Amino acid sequence: MNSDSTDWIRSLLKYAVLAPSSHNTQPWLFKITDTTVSLYADRTRALPANDPDDRELTISCGCALMNLRVAAAHEGFWLTCDITPKLNDEDLLAVISFSKADTVSLTEAELFQSIERRRTYRKRFESRDVPDSILGTLSGVATEEGAWLHVIKSEEKRQKIAALVSEGDLIQWSNPSWRRELASWMHPRRRGDGLTVPSVVAPIAQAVVRTFDMGNGVGAKDKQLADESPVLAVIGTDGDSVKDWLGAGQALEKILLSADSSGLQASYLNQPIQVASLRTKLQNLLDRGGFPQILLRLGFPTDEIKAAPRRSLDEVIE
Ligand SMILES: Cc1cc2nc3c(=O)[nH]c(=O)nc-3n(C[C@H](O)[C@H](O)[C@H](O)COP(=O)(O)O)c2cc1C
C-alpha cells in the first residue's frame, strides 16, 4: 500500500472516531493494511460492570463504522464490509474495503456534515413536538440497517418505561463495582476520553461517585427526563448476536446523524437494557419480538454544547 492511500484512509478515520461510545471509552482499534482497514474491538476499554457482554462496546464500534461509511460516501466511495469475519479472532469485527462508486449513496453522503455537529444532549429539550414525518424518516433509517426504531406513543407505556429507567438507576447505583467503574471513567478533558469533569473537581467528583449511592436522586431526575422528553424510542434488533450489535450501532449512528440533520439531538436512558432483569420487562412492554438495544430520548436542543473529547488518531490506529 502506498502512503497516499494510507493517508486517505487516515483522513476518513478522523471522522470514524467522532462516533459516540458508552462512557466515551472509544473502544475501537483500526489496522490499515493493503487498501483495507480492519475494525477491532479494544476490550482493554471494556466496562465489565456496566456492559458485561461487551454488547454496548460492539454497538459503539458499529457507530464508528457508520461514520466511516458516511465519510467514504462523501468522497464518492462505497465500503464493502466483511462483517464478523471468521479468522479465529473474536476482536476483529469487520474488514472494510473501498471502491469508487458510480453513484454515491446520497443519503449517506448527505449525513456527512452531521458527524461533527452531533452531540449527546443530556439536558431538557424544547417542549415542542417532533413532526411525525421526521420520526418516519428515522424509523426508515433503522430498517435500512436491519434494525427497528420503536417510538413510544402511548402515555401509559411512557410512564412504565420511565419507572423502569429509575429502577435501573437504583440497581446500578447500589452496586459498588458499577460506581467504581463509572468513577474511573470521569476524566479531565485533556485525557481525551471518558466523561469529562473539570480537572480541579475531578478527584472529589470521582470520590463522591465511588462512595455514595445516589440512585434515588439520579433515578428521580432520569424519570423526569423520560416523562418530559418529546420522543422516547427504542432501537432494537431481531437477534442478539455480535453481528446484531454491530448492526444496531450502525443504525444508532445513522439515526443520530439523520436526527441532527433535522435539528434534533438525542441522549440515552439505557438502564432498563443494561440491567438484564429489566430488559425482559422492557421487551414485554414493547409487545413485539426482538431485543431492545438502546433507549433514546430525542428532541430539539435549547442551546449548543461543546464536543466531548477524543483520543488522537495515533492512539487508535495500529
Ligand atoms: C452504546 C452507547 C451507550 C451509551 N449509554 C449512555 C448512557 O447510558 N448514558 C449517557 O448519558 N450516555 C450514554 N452514551 C453516550 C456517551 O456517553 C457519549 O457518546 C460520549 O460521552 C461521547 O459524547 P458525544 O456523544 O457527545 O460525542 C452512550 C453511547 C453509546 C454509543
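These entries record what I looked up in a predicted model, namely two sheets, the helices on them and the shell around the ligand.

**Entry 1, the sheet with strand 1**

I began with an open sheet of four strands, whose order I read as 1-2-4-3 and whose pairing is antiparallel. At its edges I found strand 1 (28-33) and strand 3 (77-83), each of which pairs on one side only, and from one strand to the next I noted a twist that averages 25°. I then followed strand 3 to strand 4 (residues 92-100), and found the two running antiparallel and joined by seven bridges; as a point of register I wrote down Thr80, whose bridge partner in strand 4 is Ser97. Helix 2 lies across strand 1, strand 2 (36-41), strand 3 and strand 4, and I recorded its direction as about 155° to strand 3.

**Entry 2, the ligand**

I next listed the shell around the ligand, which holds 17 residues, with Pro20, Asn24, Thr120, Tyr268 and Ala308 as the closest. Helix 2 (55-74) and strand 9 are the elements that give two or more residues to this shell, and helix 2 gives the most, with four. Sorted by class, the shell came out as eight polar, six nonpolar and three charged residues.

**Entry 3, the sheet with strand 5**

The other sheet I looked up is also open and has four strands, in the order 5-8-10-9, with antiparallel pairing. Strand 5 (148-151) and strand 9 (265-268) are the edge strands, each pairing on one side only, and neighbouring strands are turned against each other by 35° on average, direction ignored. Between strand 9 and strand 10 (residues 291-299) I found antiparallel pairing over four bridges, and there I noted that Ala266 stands opposite Leu298 in strand 10. Helix 10 packs on this sheet, touching strand 5, strand 8 (231-237), strand 9 and strand 10, and its direction makes about 150° with that of strand 8.

**Entry 4, helix 5 on helix 10**

Which way do helix 5 and helix 10 run relative to each other? I found helix 5 (residues 132-144) and helix 10 (residues 242-261) packed at an angle of about 155°, with their axes 9 Å apart; since angles over 145 degrees count as roughly antiparallel, the two helices are therefore roughly antiparallel to each other. The crossing of helix 5 past helix 10 is right-handed. From helix 5, I listed Thr137, Leu138, Val141 and Ala142, which meet Ala251, Lys254, Ile255, Ser258 and Ala259 in helix 10. The residues of this contact divide into six nonpolar, two polar and one charged.

Note on methods: Residues numbered from 1 in each chain as written. Predicted model: local features only at pLDDT ≥ 70, side-chain atom pairs only at ≥ 80, totals over all residues. Axes fitted to C-alpha atoms, helices over the stretch in contact; angles between N-to-C directions. Parallel < 35°, antiparallel > 145°, perpendicular 65-115°, else oblique. Left-handed = near helix turned anticlockwise from the far one by under 90°. Contact = placed C-beta atoms within 7 Å. Nonpolar A, V, L, I, M, F, W, Y, C, P; charged D, E, K, R; others polar. Pairing = 2+ DSSP bridges. Near = placed C-beta within 6 Å.
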